[in-house]
Amino acid sequence: AKARVVVVGGGFGGATAAKYVRLLSSQRVDVTLVEPQDSFVSCPLSNLVLGGSKSIADVTTSYAALESRHGVRRVKDWVKSIDPQKKTVQLAGGQSLPYDKLILSPGIDLMWSGVEGLEAANRSGAILQAWKAGPETVALRRQLESMRDGGVYAIAIPEAPYRCPPGPYERASQVAHYFKQHKPKSKVLILDANQDVTSKGPLFKKYWAEQYKGIIEYRPEHKAVAVDAKANTVKFDVQNDVRADVLNVLPPMRAGAIAVQSGLATANARWCLVDYQTFESTVAKDVHVIGDSIQIAPGMPKSGHMANAHAKVAAAAVVAQLTGLSVAETPLLTNTCYSYVSDKQVIHVASVHLYDAKDKTYKTVPGSGGVSAAPSDIEGVYAWNWAQNIWADSLM
Ligand code: FAD
């Protein structure tokens, strides 16, 4: 019988893994992808929807090619539980799927308990996160559109590590870009639990000072602990309360709920520990975890680019193990994170990470990476093409 691989989650990690197990096994391994969404909505570039230069349709891709071109069986459902002993996953719809290898890429779970009152405020639609792109992104854009000129948008950032280190700063830039064109009396407040801008700091700050002077205000060491949706305020552990017209409060994050519930998130009860050579969980045999859910080595961001890279290493290891080949000794991961500071101008940070067999971790290759010297239009072209390419590599 054919070996069976089940992939949970059709995001950057899961979609790529499903496709590459099919490709690397020359279609000899059966792959089932379980994902509840109708189509893939990209978080990368979704901040442009908030800035108004792109629509949600521009960042949405169909799953059709995974099925028609690569023969991935797609099940539109939600995985409720995993039984690593029996090697089955249970779906919310009642079905049970057996596997020889399981690849989990469930992304992140927002830890509502980290900010009192936030879950109820999200449910009522009063305070949104939009940290999983989709309807919330569109709803947050509507809040910005209906805000009066002279109003305040505030984004609260949790302590690192969280999904996409530069993402909140890119978002603040996009909202400021929109305000500058359409609501010039309005303000963007960045309320950061961290001590400083955690990614591309000098580049973002220089651009804000030059282009969004009087619009963006950055306040470090603001750790949100509670919200009051009726009073439109966010409360901090030390600093004074802040009131804003549009609040975008991001709570702390951890591995996707299914990984946490299955007991795989053993690092601080938040992230999944894996053998970095194969991405196999350190606590469950034949369960490989990739993407934002894993505990990362220093310098490795939680990014879509990284999730795509994890997926290829995991897919190669899974196919090797299923077919009796040896796994790659020193896998290599790359990352590039582009950030749009306006609708056209972009900055990037890049890095390369090589597996070190002695220390069993990824180490940043000296001299490999770097950051932009300054924002530029040409990097805007690169960023858009990066997105087209990674969507195609993951899904087509
Ligand atoms: P996801 O892509 O979130 O995929 C997880 C999938 O699993 C989802 O589709 C979900 O529906 C599914 N799922 C979860 N639980 C279950 C279950 N129990 N059963 C079935 N399915 C399940 N990264 C970059 O590289 N570049 C960028 O420019 C960039 N910009 C960003 C901007 C923003 C605003 C944000 C929020 C993120 C950005 N990122 C960027 C980060 C990137 O989106 C994530 O790192 C990436 O999506 C992680 O991939 P993943 O596969 O781990 O999770």
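# A tour from a small sheet to the core

Begin by selecting strands E14, E15 and E16 in this predicted model, where you will find an open sheet of three strands in the order E14-E15-E16, paired antiparallel. Colour strand E14 (224-228) and strand E16 (242-243) next, since these are the edge strands and each of them pairs on one side only. Now keep E14 and show strand E15 (residues 233-236) beside it: the two strands run antiparallel and are joined by four bridges. To look at one of the pairs, select valine 227, whose bridge partner in E15 is valine 234.

Now step back and show the whole chain. The protein chain has 10 helices and 25 strands. Its radius of gyration is 21 Å, close to the 21 Å that the globule rule gives for 396 residues, so the chain is as compact as a globular protein of that length. If you turn the C-alpha trace along its principal axes, you will see that it spans about 65 × 45 × 40 Å. Buried residues make up 48% of the 396 residues, and among the contacts with a separation of 6 or more, 68% are between residues 24 or more positions apart.

The next stop is the interior. Select Ala17, Val21, Val188, Val249, Val289 and Ala314, which are the residues with the most contacts inside the largest nonpolar core, a group of 118 residues. Then add helix H9 (residues 304-323), which gives the most to this core, with 10 residues. Staying with valine 21, and leaving aside its neighbours within four places in sequence, show Val5, Val29, Val31, Ala315, Val318 and Val319, with which valine 21 is in contact.

Move on to the ligand and display its surroundings. There are 37 residues around the ligand, and the closest are Gly9, Gly11, Cys43, Gly107 and Gly291. Four elements give two or more residues to this shell, namely helix H1 (12-24), helix H6 (167-182), H9 and strand E22 (332-340). If you colour the shell by class, you will count 15 nonpolar, 17 polar and five charged residues.

For the last stop, select lysine 206, which lies in helix H7 (residues 201-211). Is lysine 206 buried, exposed or partly exposed? Lysine 206 counts as partly exposed because it has 14 C-beta neighbours inside 10 Å, whereas a buried residue would need 20 or more and an exposed one would have 12 or fewer. Finally, draw a distance from lysine 206 to glycine 107: these residues are 99 residues apart in sequence, and their C-alpha atoms are 32 Å apart in space.

Notes:
Residues numbered from 1 in each chain as written. Predicted model: local features only at pLDDT ≥ 70, side-chain atom pairs only at ≥ 80, totals over all residues. Core = buried A, V, L, I, M, F, W, Y, C linked by C-beta atoms within 7 Å. Contact = placed C-beta atoms within 7 Å. Near = placed C-beta within 6 Å. Nonpolar A, V, L, I, M, F, W, Y, C, P; charged D, E, K, R; others polar. Rg over C-alpha atoms; globule rule 2.2 N^0.38 Å. Pairing = 2+ DSSP bridges.
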